[in-house]
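Visitor: Hi, could you walk me through this one? I'd like to ask things as we go.
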Amino acid sequence: MNYFNLNYFISFIGLTFFSLQTPSFYLANNFNINNSTQPSQKSKSEYITIKAVGDIVAGTNFPDYRLPRNPNQLFPKPVRDKLKNSDILFGNYESTLTNHPYTTKNTSRGMVFAFRSPPEYAKLFSQVGFDVMSVANNHAMDFGKIGFSDTVNNLNAAGVKTVGAKNQILYTEVKNIPVAWIGFCFYEYCNTVQDIQKAKALVKQARQKAKIVIISMHVGREGSDALHVRNQTEYFYGENRGNSVLFARSMVDAGADLILGHGPHVPRAMEVYKGKLIAYSLGNFLGYKTFSTTAEKGDSLILEAKLNQDGDFVSGKIDSIQLDKTGIPQVDKYGETIDLVRSLTQRNFPNSKISINRKGEINFPEADVASKDTSK
């Protein structure tokens, strides 16, 4: 074999050997590449996303008839789309779902209201996507214990869980994470925001079975002059309506992970306290011919909060909503509520490290979450 043929033979053998080895080489490297992407996929599943809205009254047929011709118009499609893409959708149901004829309120007096919606409206809330609704508020007993029981039963039958009964802890599961809910208001038929020691005990009880505890609080004065959060007891028409700052922070101290406020009928500031998000008021969300929508009472929002498995706030978003003259929510492309909540947050919690940009994105430095540093 001459020199040329010998080199040709060696090259042929080498090429054949490399070709036989190439599939194994490729598969091994491809396996490593796939492995490198697995941690990021796993980390995504470690977060849960909650969307929350404020006060909801879907019209009333008491004492006069104020219901829409078609209940579906109460949630326009663009708003329904904004409510999608979460693990849990929460709202405060501030009416009743009953046919019970007798109210517990003297509606002949000024500024006294009783709301009653048809029981079949419960299916509407299920269709929109609500998973949990609070019934801890000052209209839950508008038609007494019968009306309250009907409301809870009708929502549950439609597949919407309720929270807010006295001493109740609602247990749910999201992505295999046990999540507990407790509802509070300022009346004795609720778990009260005034009795902080008992509230702490409920949170600690919930913590024994749940990894994440979420609080719904109906607290504070009402109206456009109640925009600002103050660390003091608030009164409205002579009623003690609690100290929202003291209550919310005390719940976090006891082990709660997310505080969702409602009741003032206007949006309020937000803060991150010891790594946990507190939204002091989500404002009105739906008040068909029942709520005033003037000034800030017409400013609404959909809050999105992302929590890790320890319940720490990771990131969030505000979708700006405006109520039209009839109290129906509409998507607000101008971001008025974003501007309002950002301004209130900066004024009421000037030392907070939470930031809200013009797109409504809520950020809090991860290092601060890890260290659970207080925001005020």
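Guide: Sure, let's begin with helix 5, residues 196–207. At 1.5 Å a residue its 12 residues should span 16 Å, and the end C-alpha atoms are 16 Å apart, which agrees. The expected span is 1.5 Å times one less than the number of residues. Helices (H or I, at least four residues) and strands (E, at least two) are DSSP runs, numbered from the N terminus.

Visitor: Before we go on, what sort of model is this?
Guide: This is a predicted model, where local features need pLDDT of at least 70 and side-chain atom pairs count only at pLDDT 80 or more, while totals for chains, interfaces and linings use all residues. Residues are numbered from 1 along each chain as its sequence is written, and side-chain values use heavy atoms, with hydrogens and water left out.

Visitor: OK, which residues of helix 5 are buried?
Guide: I196, A199, L202, V203 and A206. Buried means under 20% relative accessible area, exposed over 50%, and partly exposed in between (1.4 Å probe, protein chains only). Looking down the axis of helix 5, the buried residues fall within an arc of 115°, so they line one face. That arc is taken from the directions from the helix axis to the C-beta atoms.

Visitor: And what covers them?
Guide: The cover includes strand 5 (170–174), strand 6 (177–185), strand 7 (191–192), strand 8 (212–218) and helix 6 (244–254). Contact here means heavy atoms within 4.5 Å.

Visitor: Switching topic: how many disulfides are there?
Guide: The structure holds 1, between C185 and C190, with the sulfur atoms 2.1 Å apart. The cut-off is a pair of cysteine sulfur atoms within 2.5 Å.

Visitor: Why is that disulfide called right-handed?
Guide: Because the torsion about the S-S bond of C185 and C190 is about 90°.

Visitor: Is C185 buried or exposed?
Guide: C185 counts as buried, at 0% relative accessibility, and C190 counts as buried at 0% too.

Visitor: Now charges. How many salt bridges?
Guide: The count comes to 20, taking a side-chain nitrogen of Lys or Arg within 4 Å of a carboxyl oxygen of Asp or Glu. One of them pairs R207 with D257 at 2.6 Å, N to O. That pair links distant parts of the chain, with R207 in helix 5 and D257 in the loop between helix 6 and strand 11 (258–262), 50 residues apart.

Visitor: What about accessibility for R207?
Guide: R207 is partly exposed at 32%, whereas D257 is buried at 1%. Salt bridges that share partners join R207, D257, K276 and D312 into one network.
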